[in-house]
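This report describes the folded arrangement of selected parts of a two-chain model for a bench biochemist. Helix packing is treated alongside the burial of individual residues.

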Amino acid sequence: MNELAPIIIAALAIALMGGALSVFVVLKRLAFIGQGISHAAFGGVGIALVLGVHGATTMGEIGQLAIVVAFSILAALWIAALTRSHQGRADTAIGVVLSASMALGFVLFTFAESGHGHDEHGHAAAEHQDEHHLIEEILFGNILDTDWPKASLAIAVVIAILAVVWCIRRQLIFWAFDEPVVDAYGLNSKRITNTFLVILAVAIVMAMQIAGVVLAAAMLVLPGAGALNLSSKLRSVFVYSVLIAVGGASIGMLIGFQAGYPIGPTIVLTQSVMYLISHIAKIAATRRLA
Amino acid sequence: MVPAVEIDHVSYTYPASGFDASPLLAIDDVNFTIDEHTKLGVLGPNGGGKSTLIKLILGMIKPTSGTIRVFGRSPIEAREQGLIGYLPQRIEADRDWPISVEQVVALGRACRIKPWKKLAVDDRQAINRAIELVDLADLAHRPIGGLSGGQLQRVMIARAIAGNPKLLVLDEPTVGVDIAGQQRFGELIETLHKELDLTVVVVSHDMRAIAAVADRIACLSRTLHFHDTAQGLTPAVLAQVFAHDVAGVFGDIHIDAHLADDCDDPSHIHQHQHDCGCGDQGGES
């Protein structure tokens, strides 16, 4: 049980953060940017590998995390800058950054792998297998190796993110609701956009610890999307979103641990089912009123 | 008394935005002041620099040359101090948002409140007053999704005045609105002007929209010309002023260039008349 405690606490903390942020992500239509950032993080993992910073030790894992966070933040700001230079066309910017970062990631993986092959002939096959296992972990997440230091770091990051979001909540809501006018009200839309994308990049790297590159962004979309089916009041939407996020993570972990399924994908699948239920509930409520 | 807006020999050129593009001179040596408590209408063709003028007054872009002061401050300082209220031409806010009329109006005031502070009593009073002034008190707690286009525009006006600005800037506020709607809009702005002691700047390509709101009028087609009338812009004055047929753009409204007394260059007056009357130059507006 003690081994599971840091895993469960880290997963619930990250889910809670996902629930709060996903309302902004969905309302501001940033779901695709989330995907872009999470896939871009793959390039960061490649850089960490080439630099020899990898997850063999806890410090190595934290070092790898720092490099991936830094790379993801750069990718997020790059997406923002490209979006501005393409007259607000985020899809073009994401298409460029996502592809470039994924390609960079795979090239660096191969580079790191070939480096090992030349240096340690006897262990080449085992290294090769390790690299593929690592790629799978990066793509789909591996929360099972979360120990207390990693869980503590996750909790600290979640608290920091939620504190920043709370401090700028009014500006964030105004920006997400009506970005073209916020500058006229004395706010700085570029600064708010960059701040939120940095928050999103850090949040996505945290969610990657659970759900990996491929599914991380889902944890920052599904709860908010589901909550918006259930209420037309902003405060209630945030409450429902957190409930879906934390509830989905709890049920997902329960099923995953019992049945031996991979935890990250099971959590995302559970949140997807909750989204589907909320959607059906919305349709039923609309028909009843009509 | 410090004027509401001082525009001192301001020009603005949009930089070239690509390999095969060239810089675009949008505003050329514009020089005028707007006194406090006036309601100025800026009339001009599409591409005449109206939106550029608004961006300059709001401090969203900096003049290529010349200076702008808003209540004696830089435009950025003025808007950061909440002195400017702004109604955009297009309401781009998403109607599917789970947000009520009151919450939208509150955004206009709450965005400047420190994060650890709640809305104070006077904040609540200002928000409620803004909602009452635009006659939406009955709908205050409704989600914005169910509102008509006109009601949503009034919500945005209430948001613009909730922070107690001294200058209200309206960008093409009555596009697609019929004459009766323009008249009602003019009455609403008049109420706000009196109740809140506002200076109002409205820009439009539509003479009727300007006439419904403004008591002073200027024509902007890259350069700017004032048309001052002693009595204000009453229907009688309008009939006297608009005697030249420009039906192609303004329907049955006419412009008489001879009343542009402050345009001392006859060729300039002719150009101005041509641009305002016939010009739809396209591009940036």
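Helices (H or I, at least four residues) and strands (E, at least two) are taken here as DSSP runs, numbered from the N terminus. The model is predicted, so local features need pLDDT of at least 70 and side-chain atom pairs count only at pLDDT 80 or more, while totals for chains, interfaces and linings use all residues. Residues are numbered from 1 along each chain as its sequence is written, chains are lettered from A and ligands numbered from 1 in the order in which they are written, and side-chain values use heavy atoms, with hydrogens and water left out.

## Chain B as a whole

Chain B contains 10 helices and nine strands. Of its 285 residues, 53% count as buried; buried means under 20% relative accessible area, exposed means over 50%, and partly exposed lies in between (1.4 Å probe, protein chains only). Contact means heavy atoms within 4.5 Å. Among the contacts in chain B with a separation of 6 or more, 70% are between residues 24 or more positions apart. The accessible surface of chain B comes to about 13,000 Å², and 49% of this area belongs to carbon and sulfur atoms. Such areas come from the Shrake-Rupley method with a 1.4 Å probe; for residues, only the protein chains shown count as cover.

## Helix α1 of chain B and the residue after it

Helix α1(B) spans residues 50-58 and is mostly covered, with eight of its nine residues buried. The buried set comprises Lys50(B), Ser51(B), Thr52(B), Leu53(B), Ile54(B), Leu56(B), Ile57(B) and Leu58(B). Gly59(B) follows α1(B) and has a positive phi, near 75 degrees.

Positive phi values also occur in residues other than glycine. One of these is Phe71(B), with phi near 50 degrees. Phe71(B) lies in the loop between β4 (65-70) and α2 (75-80) of chain B, and it counts as buried because its relative accessibility is 6%. Another is Arg222(B), with phi near 70 degrees. Arg222(B) is placed in the loop between β8 (216-221) and β9 (223-227) of chain B; because its relative accessibility is 42%, Arg222(B) counts as partly exposed.

## Helix packing in chain A

Two packed helices are described by the angle between their axes and the distance between the axes. Axes are lines fitted to C-alpha atoms, for helices over the stretch in contact, and angles run from 0 to 180 degrees between N-to-C directions. Angles under 35 degrees count as roughly parallel, over 145 as roughly antiparallel, 65 to 115 as roughly perpendicular and the rest as oblique. A crossing is left-handed if the near helix is turned anticlockwise from the far one by less than a right angle, and right-handed if clockwise.

The axes of α1 (residues 4-27) and α8 (residues 189-219) of chain A come within 10 Å and cross at roughly 120 degrees, so α1(A) and α8(A) are oblique to each other. The crossing of α1(A) past α8(A) is left-handed. Contributors from α1(A) include Ala11(A), Ile14(A) and Leu21(A), and those from α8(A) include Phe196(A), Leu200(A) and Ile210(A). By residue class, this contact has 15 nonpolar, two polar and no charged members. In this scheme Ala, Val, Leu, Ile, Met, Phe, Trp, Tyr, Cys and Pro count as nonpolar, Asp, Glu, Lys and Arg as charged, and the others, Gly among them, as polar.

Helix α7 (residues 169-182) of chain A also packs against α8(A), at an angle of about 135 degrees and with the axes 10 Å apart. The pair α7(A) and α8(A) is therefore oblique, and its crossing is left-handed. Gln171(A), Leu172(A), Trp175(A), Glu179(A) and Val182(A) of α7(A) meet Ser189(A), Ile192(A), Thr193(A) and Phe196(A) of α8(A). These residues divide into five nonpolar, three polar and one charged.

## Individual helix residues

The table lists three residues that lie in helices.

| Residue | Helix | Relative accessibility |
|---|---|---|
| Ser101(A) | α4 (residues 90-119) of chain A | 3%, buried |
| Arg159(B) | α5 (residues 149-161) of chain B | 0%, buried |
| Ala211(B) | α7 (residues 207-213) of chain B | 21%, partly exposed |

Not counting residues up to four places away in sequence, Ser101(A) touches His39(A), Ala40(A), Phe42(A), Gly43(A) and Phe71(A). With the same exclusion of residues up to four places away, the residues touched by Arg159(B) include Phe174(A), Asp178(A) and Tyr185(A), as well as Val104(B) and Leu107(B). Ala211(B) and Gly186(B) are 25 residues apart in sequence, and their C-alpha atoms are 8.3 Å apart in space.
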